[in-house]
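Dear colleague,

Please find below the structure that I am handing over to you. The notes that follow set out what was found in it.

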Amino acid sequence: MSQPVLVVGSLGLDTLKTPFGEAADVLGGTTSYFSLAASMYTRVRVVAVVGSDFPPEYRTVLESRDVDLRGLQVMEGRTFRWSGQYRFDMNVAETLDTQLNVFADFHPALPEDYRQSEFVFLANIHPALQLEVLEQVQKPKLVVMDSMNFWIEGARDQLTDVMRRADIVLLNDGEVRQYAGTPNLISGSRQILDLGPRAVVVKKGEHGALLLSQEDGVFVAPAYPQEDVRDPTGAGDSFAGGFIGYLASRDDTAPDSIRRAIIHGSAIASFTVEDFSVRRLERLTTDEVLERYTAFRNLTRFVDEVP
Ligand code: AMP
């Protein structure tokens, strides 16, 4: 019953600075956070590229969680690198440097069995690569896509094509405002919904997540009241990993499952931010996730007055 998830995205080395510390050349990229999060629920198939300088121990981090790396190409050259910092408002990442390196010449070639994947995550990467993956997947049941300001500015038309072909568009609040050119999140999300996806999920960092859906209207989820935020990098991709990983593990995309998936995504993301890079995900257990999932129920439960 459980289905594997296919992910295409960046895999590389991050250099990070937050009010709580710094880390250089640590394991990063959208794919690494997504894979470790989704592997709590189901098997993950990776499509990405690294350079010949990618440290073997980072590969082992993914392999030790049974992440399928047959779709990972190793090219002569340097691995993708991103450097970012967070100031006092840790909801906003400030990019200091992006080096696409081997991603600039990359074209995904999916192994034969990857093409039958039914659950697909187009993580934040050049939308042209997201489209190349979509061309190779035969009959997906659920395509979820993510992006960021870099591509909204630099590849808007291709990004719009991906949104048209996706079932669920996953963006953060700043990205929705930037793409739609409006400060209002609801009308911005509605503009994206009008392109054709079944739903838009807006990640709002420490303020939770918002769902706007063709079939299910509006749903709001709180964020876990996390006091221990050291490094918010990867929260969005971990959210995506919990979200799609859960749906794929149930082989179900019905509206009630999508609501539960948002809570799973929120629960996993709340762990990621507790430590730098993927360190917290590496030691995360299923029991911890379930405990936090349950804690979400109490966050918005209230008892009505008896009339
Ligand atoms: P997030 O979950 O949004 O915090 O994503 C964090 C990850 O995005 C980092 O580990 C970066 O390596 C990766 N990243 C940053 N910029 C880009 C980009 N332009 N394309 C692909 N991945 C990126």
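**The ligand and its surroundings**

A nitrogen atom of the ligand lies 2.8 Å from a polar side-chain atom of Ser10. Please note before reading further that the model is predicted.

Two further polar contacts involve the protein backbone and oxygen atoms of the ligand. At Gly234, a backbone N or O atom is 2.7 Å from an oxygen atom of the ligand. At Gly236, a polar backbone atom lies 3.2 Å from an oxygen atom of the ligand. The ligand taken alone exposes 510 Å², and the protein buries 89% of that area.

The shell around the ligand consists of 17 residues. Ser10, Asp14, Gly29, Gly234 and Asp237 are the closest of these. Sorted by class, the shell contains eight polar, seven nonpolar and two charged residues.

Which elements each supply at least two residues of this shell? They are the helices α1 (30-38), α4 (149-154) and α8 (235-250), together with the strand β6 (80-85). The largest share, three residues, comes from α8.

**The cavity**

The search for enclosed space gave one cavity of 30 Å³ or more. The volume of the largest cavity is about 40 Å³. Its lining is formed by Arg198, Ala199, Leu211, Ser213, Glu215, Asp216, Pro255 and Ile258. Two elements, β12 (209-213) and α9 (255-272), give two or more residues each to that lining. By class, four of the lining residues are nonpolar, three are charged and one is polar.

**The second largest pocket**

An open site also deserves a description. The second largest pocket has a volume of about 210 Å³. Along its lining one finds Phe219, Val220, Ala221, Pro222, Arg259, Ile263, Tyr293, Phe296, Arg297 and Thr300. The elements that give two or more residues here are β13 (217-221), α9 and α11 (286-300). Which of the elements gives the most to the lining of the second largest pocket? That is α11, with four residues. The lining of this pocket has seven nonpolar residues, two charged residues and one polar residue.

The helix α9 thus appears in two places: α9 gives two or more residues to the lining of the largest cavity, and α9 also does so for the second largest pocket.

**The chain as a whole**

The secondary structure of the chain comprises 11 helices and 13 strands. Along its principal axes, the C-alpha trace spans about 70 × 40 × 40 Å. The chain has 307 residues, and a compact globule of that length would have a radius of gyration near 19 Å; the value for the chain is 18 Å, so the two agree.

When you open the model, I would suggest beginning at the ligand, with the contact between Ser10 and the nitrogen atom of the ligand at 2.8 Å, and turning next to the cavity lined by residues including Arg198 and Ile258.

With kind regards

Notes: Residues are numbered from 1 along each chain as its sequence is written. This is a predicted model: local features need pLDDT of at least 70, side-chain atom pairs count only at pLDDT 80 or more; totals for chains, interfaces and linings use all residues. Side-chain values use heavy atoms; hydrogens and water are left out. A residue is near a molecule or strand if one of its heavy atoms lies within 4 Å of it. A polar contact is a pair of N or O atoms within 3.5 Å; within protein, one must be able to donate a hydrogen and the other to accept it, and residues adjacent in sequence count only if both atoms are side-chain atoms. Accessible areas come from the Shrake-Rupley method with a 1.4 Å probe; for residues, only the protein chains shown count as cover. Ala, Val, Leu, Ile, Met, Phe, Trp, Tyr, Cys and Pro count as nonpolar, Asp, Glu, Lys and Arg as charged, and the others, Gly among them, as polar. On a 1 Å grid over the protein atoms alone, a cavity is a set of points where a 1.4 Å probe fits but cannot get out, and a pocket is an open set with protein on both sides within 12 Å along at least five of seven lines; lining residues have an atom within 4 Å of a point. Grid points are joined across faces, edges and corners, and a volume is the space filled by probe spheres set on the points. The radius of gyration is taken over C-alpha atoms; the globule rule is 2.2 Å times the number of residues to the power 0.38.
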